[in-house]
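Work through the exercises below with the model open. Each task is followed by a stepwise solution.

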Amino acid sequence: MIGYNCKYAPVEIFSGFGKKYRLINNEVSNFDYASGRLHPNMCSHAKAMLEEIHTGNYKELLFMNCCDSSRRIFDSVKDEKIDFAYCLDLPFCNHRCAVEKFKDDIMDFIKEYEKHSGQVFNKKLFLSAFKENRDFPNDKFIAILGARSNKTLIDVVNSCFNGMEILDLTCANNREVLMTDAIESDSLDDIMLKYAKALMSQTPCMRMQNVKAREALLEDENCIGVIYNTIKFCDYYDFEFSKLKNLKTPVIRIETDFTNQSYGQLLTRIEGFAETLNKTDSKRNNINMNGKYFVGIDSGSTSTEVVVIDRNLDIVKKVMVRTGANTGAGAKNALEQVCVDKKDIANIVATGYGRKNIDFSDDNVTEITCHAKGAKHLYNDVKTIIDIGGQDSKVISLDEDGKVTGFVMNDKCAAGTGRFLENMAKVLELDMRTMAEIGLNYKNNLTISSMCTVFAESEVVSLVAENYSVADIVHGLNKSVAVKTKALVNGAKGKGPLMMTGGVAKNKGVIAELEKQLGTKIYIPDCPEFCGALGAALIAASEQQDS
């Protein structure tokens with residue numbers, strides 16, 4: 001198989017030799033091989049390309065020198081079992097001189113491939129390779145923009161927007177080369193000049209000097225939502241996203257790393273986005289219309305909470321258990337502990353990362369929507385929710401009616417989460433209750449600078465060795481969490497009044513430092529860790545009313 005890396009690659013040339021080609025775009029399970037060949041902070045997609053090439057599935061390669069990472073990958077393949085590898089420089093504009101230079105480079109490429117293959121380039125086969133123009137859908141659709149998409153992302157988007165058309169307009173997947181004015185009787189030089197112009201006339205990628213034509217991707221009236229994908233350690237599309245602040249169409253930014261390990265995080269983000277657009281299908285299994293209780297189950301990475309409410313929406317019972325290794329078993333255990341007869345339960349809604357694995361629930365909703373519902377019920381004036389959980393941190397923005405208008409999440413690193421504080425408590429030999437209080441009595445305003453939990457632990461050990469008090473160190477940890485959370489609030493454009501949910505909301509030291517960082521008071525409900533489960537129970541009650 002012939003592999004290529006970029007939408008500007010002149011791959012139709014291979015059709016002129018009767019050969020097939022494929023975009024190198026597969027996600028991988030790990031970067032074991034690439035990590036030994038490339039810098040740790042190199043673009044994740046580039047590392048995935050090297051992993052895929054190393055499998056031996058590609059015997060011939062055509063690369064565009066479109067960025068430093070692509071060039072580095074091409075240089076690395078000399079150690080692979082490749083029969084033919086060719087790299088062309090990418091013109092970064094479509095001015096006449098650039099197009100003519102690109103044409104000359106394509107002609108040189110044809111000559112080199114003729115030498116390699118022993119075949120003669122066939123103009124007729126080449127011209128038959130082009131497809132008709134792709135039009136935008138005539139009905140509502142979701143657009144995926146930004147850097148390259150992968151299979152996991154596409155699968156998640158399709159599952160969350162079931163039945164709606166998904167238009168993949170990302171990077172190399174947004175390839176459309178039209179050759180309507182070339183005929184077989186034209187000279188090869190003329191055909192290749194038209195071909196080079198067609199390649200450079202595509203919707204520009206963010207590496208081009210002039211990217212204004214990309215605005216058309218955002219202006220279609222049938223586009224009801226934009227999922228903007230960025231890739232870890234690739235900055236090109238971060239720049240474009242920063243300019244989308246005034247976009248009227250709802251947009252969510254996600255970051256992928258071209259591994260297949262991020263399904264759960266992607267599902268929560270995309271499904272939460274779909275819920276803000278009211279584009280999710282409710283499961284609504286057999287609701288017991290005679291039941292008098294509504295149950296919400298929040299299955300988190302650390303703990304599982306259950307809240308039971310009655311028809312007056314008052315909390316009847318609530319319980320928290322450790323989730324354990326099996327989310328379904330943890331949820332079942334929690335439900336058994338509330339001691340409510342099953343025949344009295346009208347509806348059960350599950351939320352949290354384990355929501356899909358609770359097979360006895362009647363519906364499942366993301367924790368983003370559930371926290372919004374629960375927070376609005378507890379504090380009617382709330383506009384911004386800060387939820388620091390065991391596995392992730394999130395900030396959710398609400399409108400006057402309590403509808404989610406946007407959210408940002410940190411789920412790629414444990415730093416700044418409840419798990420981070422738990423790990424640090426073990427290092428300092430503290431229980432969580434003591435840790436929540438002791439940081440208020442600090443004397444030295446220490447700063448824990450590491451962004452990584454592992455490195456932060458080393459930093460804490462060093463501070464202990466320097467004879468700083470435990471109170472000083474805990475205050476440094478609290479400040480570290482607060483600084484990271486403040487960045488999320490700023491990213492979500494969070495406005496007051498603010499409310500904090502999740503288990504970390506019971507940590508007085510973190511709250512004090514976060515209020516200092518944000519310059520405002522934060523409302524803390526009596527049982528902040530139950531807010532998600534309460535929201536799920538309230539949704540369960542509203543679903544019965546809608547049935």
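**Exercise 1.** Find the residues with the most contacts inside the largest nonpolar core.

Solution. The largest nonpolar core comprises 79 residues; such a core is a set of buried Ala, Val, Leu, Ile, Met, Phe, Trp, Tyr and Cys residues joined through side-chain atoms within 4.5 Å. Ile-13, Ile-106, Phe-126, Met-192 and Tyr-195 have the most contacts inside it. A second, separate core has 31 residues, including Cys-160, Met-164, Leu-277 and Ile-396.

The model is predicted: local features need pLDDT of at least 70, side-chain atom pairs count only at pLDDT 80 or more, and totals for chains, interfaces and linings use all residues. Residues are numbered from 1 along each chain as its sequence is written, and side-chain values use heavy atoms, with hydrogens and water left out.

**Exercise 2.** Decide whether helix α3 (residues 44–54) is enclosed or not.

Solution. Helices are DSSP runs of H or I with at least four residues, strands runs of E with at least two, numbered from the N terminus. Ten of the eleven residues of α3 are buried, so the helix is largely enclosed by the rest of the structure. Buried means under 20% relative accessible area, exposed over 50%, partly exposed in between (1.4 Å probe, protein chains only). The cover over these buried residues includes α2 (32–35), β3 (60–65), α4 (68–76) and β7 (223–231).

**Exercise 3.** Explain why Cys-370 forms no bond with Cys-531.

Solution. A disulfide requires two cysteine sulfur atoms within 2.5 Å. The sulfur of Cys-370 lies 9.3 Å from its closest cysteine sulfur, in Cys-531, which is too far for a bond. The structure holds zero disulfides.

Note on methods:
Contact means heavy atoms within 4.5 Å.
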